[in-house]
Structure formats: C-alpha cells, structure tokens
Amino acid sequence: MADLVTVPVLELCAGDRVHERNDEWEPHPFSTDEIYTYTVEDVTRINNDTVLVGIVGGDIPSGITYRPDSTVKREAR
C-alpha cells in the first residue's frame with residue numbers, strides 16, 4: 001500500500017489518489033471493500049458548508065461532498 005498522508009480536502013489536486021474507510025460512510029455508496037480508493041478530477045467549493053470532489057472515471061460524472069474543514073488520506077506525492 002502507498003504511504004498515506006492526512007491533508008485538508010481543499011488541498012487536494014487533480015490526480016491525487018484518496019483512500020477512504022468505507023465503514024465511515026453511510027450508506028456505502030461506492031464499494032463493499034473496507035477501503036474505497038478514488039482519483040481526484042477536481043475540487044470545487046460550493047458554499048461555506050460544502051466542497052465537491054469530482055472523481056475520475058466512469059461514464060457518468062460523479063463526486064463526493066465534504067465539509068470544507070474535512071481531512072482525507074491521500075497517497076504521498
């Protein structure tokens with residue numbers, strides 16, 4: 001497994017690989033595995049309460065919402 005670092009969600013960049021523990025999400029939307037790994041396409045601050053992280057891949061654009069003060073585990077660059 002790659003070395004992971006904790007970073008604020010607003011510091012993510014296109015191409016970053018994020019690892020999320022699936023048991024922290026309700027419901028489990030993306031994977032039944034313990035860890036869901038995705039590649040960031042873009043990061044958009046929607047408003048004071050919401051940041052949308054776009055995900056690379058698939059036929060339909062998708063993303064995950066976070067609070068602006070959220071942190072995630074990403075692969076070290």
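Is Arg 77 buried or exposed? Arg 77 is exposed, with a relative accessible area of 65%. We will come back to this residue once the rest of the picture is in place. Please keep in mind that the structure above is a predicted model.

**The sheet**

Let's start with the strands. There are 6 of them in an open sheet, and their order is S1-S6-S2-S3-S4-S5, with antiparallel pairing. The two edge strands are S1 (4-8) and S5 (62-66), each of which pairs on one side only. From one strand to the next, the twist averages 50°.

Now we can walk across the sheet, pair by pair. S1 and S6 are antiparallel and share 5 bridges. In this pair, Thr 6 has Lys 73 of S6 as its bridge partner. On the way to the next strand, S2 and S6 are also antiparallel, over 2 bridges. Here His 19 is matched with a residue of S6, and that bridge partner is Lys 73.

S2 (residues 17-21) then meets S3 (residues 35-45), an antiparallel pair joined by 5 bridges. Two matches help you find this pair in the model: Glu 20 stands opposite Tyr 36 in S3, and Arg 21 has Ile 35 of S3 as its bridge partner. Next, 5 bridges join S3 to S4 (residues 51-55), and these strands run antiparallel. Val 40 has Ile 55 in S4 as its bridge partner. What joins S3 to S4? A hairpin does, passing through 5 residues.

**Two faces of a strand**

A useful general idea comes in here: in a regular strand, side chains alternate between the two faces of the sheet. S6 is a good strand to look at with this in mind. Its covered face has Val 72 and Arg 74, while its uncovered face has Thr 71, Lys 73 and Glu 75.

His 19 is worth a look too. This residue is found in strand S2. His 19 counts as buried because its relative accessible area is 11%, which is under the 20% cut-off. The side chains of His 19 and Glu 75 are joined by a polar contact of 2.8 Å.

**The nonpolar core**

Which residues have the most contacts inside the largest nonpolar core? They are Leu 12, Tyr 38, Val 53 and Tyr 66, and the core has 13 residues. The elements that give two or more residues to this core are S3, S4 and S5.

Tyr 38 makes a good example to explore. Leaving aside its neighbours within four places in sequence, Tyr 38 is in contact with Val 53, Ile 55, Ile 64 and Tyr 66, among others. The list of its contacts also includes Asp 16, Arg 17, Val 18 and Glu 20. Two of the names in that list, Val 53 and Tyr 66, appeared above among the core residues with the most contacts.

**Salt bridges**

How many salt bridges does the structure hold? It holds 5 salt bridges. The table shows some of them, with the distance between the closest N and O atoms.

| Residue | Partner | Closest N and O atoms |
|---|---|---|
| Arg 77 | Asp 16 | 2.8 Å |
| Arg 67 | Asp 49 | 4.0 Å |
| Asp 69 | Arg 67 | 3.7 Å |

Let's return to Arg 77, which forms a salt bridge with Asp 16. This pair links distant parts of the chain: Arg 77 is in the segment after strand S6 (71-75), Asp 16 is in the loop between S1 and S2, and they are 61 residues apart. Arg 77 is exposed at 65%, whereas Asp 16 is buried, with a relative accessible area of 6%.

Arg 67 and Asp 49 form another salt bridge. This pair also links distant parts of the chain, with Arg 67 in the loop between S5 and S6 and Asp 49 in the loop between S3 and S4, 18 residues apart. Arg 67 counts as partly exposed, at 45% relative accessibility, and Asp 49 is partly exposed too, at 47%.

Arg 67 has a salt bridge with Asp 69 as well. Asp 69 counts as exposed because its relative accessibility is 59%, and the cut-off for exposed is over 50%. Finally, Asp 16, Arg 74 and Arg 77 are joined into one network by salt bridges that share partners.

Key: Residues are numbered from 1 along each chain as its sequence is written. This is a predicted model: local features need pLDDT of at least 70, side-chain atom pairs count only at pLDDT 80 or more; totals for chains, interfaces and linings use all residues. Side-chain values use heavy atoms; hydrogens and water are left out. Two strands pair if DSSP finds at least two bridges between them. Helices (H or I, at least four residues) and strands (E, at least two) are DSSP runs, numbered from the N terminus. Buried means under 20% relative accessible area, exposed over 50%, partly exposed in between (1.4 Å probe, protein chains only). A polar contact is a pair of N or O atoms within 3.5 Å; within protein, one must be able to donate a hydrogen and the other to accept it, and residues adjacent in sequence count only if both atoms are side-chain atoms. Axes are lines fitted to C-alpha atoms, for helices over the stretch in contact, and angles run from 0 to 180 degrees between N-to-C directions. A nonpolar core is a set of buried Ala, Val, Leu, Ile, Met, Phe, Trp, Tyr and Cys residues joined through side-chain atoms within 4.5 Å. Contact means heavy atoms within 4.5 Å. A salt bridge is a side-chain nitrogen of Lys or Arg within 4 Å of a carboxyl oxygen of Asp or Glu.
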